[in-house]
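Visitor: I am new to this structure. Please take one part and look at it closely with me.

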Amino acid sequence: MNPFGVDALIVAYNEGEEWLSQLISYLYDNYLYMAEYCAENLSDYPLTILEGTYLVWMDCHASGMTSVQVAGLWLNAGTMYGPEGEGFIRWNIACPRSMLADGLSRFSRFADRMK
């Protein structure tokens, strides 16, 4: 690690609370946006409850879609995390909301074609 990295780490720990608070709020708002979008447009794909992270699990069992079919989006197949993950995909919502909205829209078009 270089000296600038050490200084940056010290500043982040000592003065980064406001930034972290804003980040947590933004990420949670992304989750709420995604949950509302899915409730309105992707009701066959329920989300698990967010548990202190920016990674959201989407249940794809009802559609019959396997977790490896992912609409050209860079989503994680649930099977990456073991056999219990089959039928789930994992979304990373730590991104600008416009990117999340675009991804959800693309997934929605894909889900419509799967019907």
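Guide: Here is a close look at the sheet and what packs against it. This is a predicted model: local features need pLDDT of at least 70, side-chain atom pairs count only at pLDDT 80 or more, and totals for chains, interfaces and linings use all residues. Residues are numbered from 1 along each chain as its sequence is written, and side-chain values use heavy atoms, with hydrogens and water left out.

Start with the strands (DSSP runs of E, at least two residues; helices are runs of H or I, at least four; both are numbered from the N terminus). The open sheet has 3 strands in the order β1-β3-β2, with antiparallel pairing. Two strands pair if DSSP finds at least two bridges between them. At the edges are β1 (55-59) and β2 (76-77), each pairing on one side only. β1 and β3 (residues 88-92) share 5 bridges. In one of them, Trp57 partners Arg90 of β3.

Now the helix α2 (residues 17-41). Its buried residues (under 20% relative accessible area; exposed is over 50%, partly exposed in between; 1.4 Å probe, protein chains only) are Leu27, Asn30, Tyr31, Met34, Tyr37 and Cys38. They pack against β1, β3 and α3.

Finally, Met58. Contact means heavy atoms within 4.5 Å. Leaving aside neighbours within four places in sequence, Met58 contacts residues including Met34, Cys38, Trp91 and Phe107.
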